[in-house]
Amino acid sequence: MHRFLTNFIKTTIFTSFFLFSSTGFSETLTSSIAAELIDEDGHVVIPSNYTIIDNSAFKDQRVVSAEIPSSIVTIGSYAFSNTPLSNVVISNGVEVIHAHAFSGANLKSVSIPNSVTTIEE
């Protein structure tokens, strides 16, 4: 009985962890992960398992264009600052764009969706 209970608890914990991880509750895109998402041409397509782009995630990187999915709720401060970013597609779902998120970028095209409720100065 003890072995059965131990195995049951281990299985339950693993299953709960897997379900939590696979549903992507509030996953933050950090700078170490962000660097791996930039392709050789400087394009970034952010996977939909992320909900937050961390402060300075792409800062000083060679990002030319970015696609931000509807799963992203928050774009952190300085997230794309000091980049050659010229085109960004922000999907409906983003609610907050923190201060200086795109400062020093070379933006030529950006569309702010209606879901954005806060843009910090």
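Two residues are taken to be in contact when heavy atoms of one lie within 4.5 Å of heavy atoms of the other. On this criterion, in the predicted model described here, Phe-80 touches Ile-46, Ile-53, Phe-58, Ala-66, Ile-68, Ile-75, Leu-85, Ala-101, Phe-102, Ser-103 and Ala-105, its neighbours within four places in sequence being left aside.

The protein chain contains two helices and nine strands. Read from the N terminus, its elements follow the order α-β-α-β-β-β-β-β-β-β-β. Of its 121 residues, 33% count as buried. The chain exposes about 7,300 Å², and 56% of this area is supplied by carbon and sulfur atoms. When contacts between residues at least 6 apart in sequence are considered, 18% of them join residues at least 24 apart.

The contacts of Phe-80 lead into the interior. The largest nonpolar core comprises 24 residues, and those that touch the most other members are Ile-46, Ile-53, Phe-58, Ile-68, Ile-75, Phe-80 and Phe-102. Two or more residues are given to this core by β4 and by β6, the latter spanning 87-90. Ile-68 belongs to strand β4, which covers residues 65-68. With a relative accessible area of 1%, Ile-68 falls under the 20% limit and is therefore buried. Apart from neighbours within four places in sequence, the contacts of Ile-68 are Ile-46, Ile-53, Ile-75, Phe-80, Val-88, Val-89, Ile-90, Ser-91 and Val-94. A further spatial relation links Ile-68 to Pro-47: the two are 21 residues apart along the chain, and their C-alpha atoms are separated by 8.4 Å.

Strand β6 pairs with two other strands. Its link to β4 is parallel and consists of four bridges, with Ser-65 standing opposite Asn-87 of β6. Its link to strand β8 (residues 109-111) is also parallel and consists of three bridges; here Val-89 has Ser-111 of β8 as its bridge partner. In a regular strand, side chains alternate between the two faces of the sheet. This alternation is seen along β6, where Val-88 and Ile-90 point to one face and are buried, whereas Asn-87 and Val-89 point to the other face and are not buried.

A five-stranded open sheet is also present, with the strand order β1-β3-β5-β7-β9 and parallel pairing. The edge positions are taken by β1 (28-29) and β9; each has a single partner strand, so one side of each lacks a neighbour in the sheet. Strand β7 (residues 96-97) is joined to β9 in the parallel sense by two bridges, and Val-96 stands opposite Thr-118 of β9. Within the same sheet, strand β5 (residues 74-75) contains Thr-74. The relative accessible area of Thr-74 is 16%, and this residue is thus buried, the limit being 20%. Beyond its neighbours within four places in sequence, Thr-74 contacts Thr-51, Ile-52, Ile-53, Val-96 and His-98.

At the edge strand β9, which spans residues 118-119, Ile-119 is found. Because its relative accessible area of 53% is over the 50% limit, Ile-119 counts as exposed. Together with Leu-107, Val-110 and Ile-112, Ile-119 makes a nonpolar surface patch of about 320 Å².

Two loop residues have backbone angles that merit separate description. Most residues other than glycine have a negative phi. Asn-82, although not a glycine, has a positive phi of about 55°. Asn-82 is located in the loop between β5 and β6, and its relative accessibility of 42% places it in the partly exposed class. His-100 likewise has a positive phi, near 60°, and is a residue other than glycine. His-100 is located in the loop between β7 and β8; with a relative accessible area of 38%, His-100 is partly exposed.

Terms used. Residues numbered from 1 in each chain as written. Predicted model: local features only at pLDDT ≥ 70, side-chain atom pairs only at ≥ 80, totals over all residues. Heavy atoms only, no water. Patch = residues over 30% accessible without salt bridge, like charges linked within 9 Å, V, L, I, M, F, W, Y side chains within 5 Å. Areas by Shrake-Rupley, 256 points an atom, 1.4 Å probe, with all protein chains shown as cover. Salt bridge = Lys/Arg side-chain N within 4 Å of Asp/Glu carboxyl O. Buried < 20%, exposed > 50% of the residue type's maximum accessible area, 1.4 Å probe, protein only. Pairing = 2+ DSSP bridges. Core = buried A, V, L, I, M, F, W, Y, C linked by side-chain atoms within 4.5 Å.
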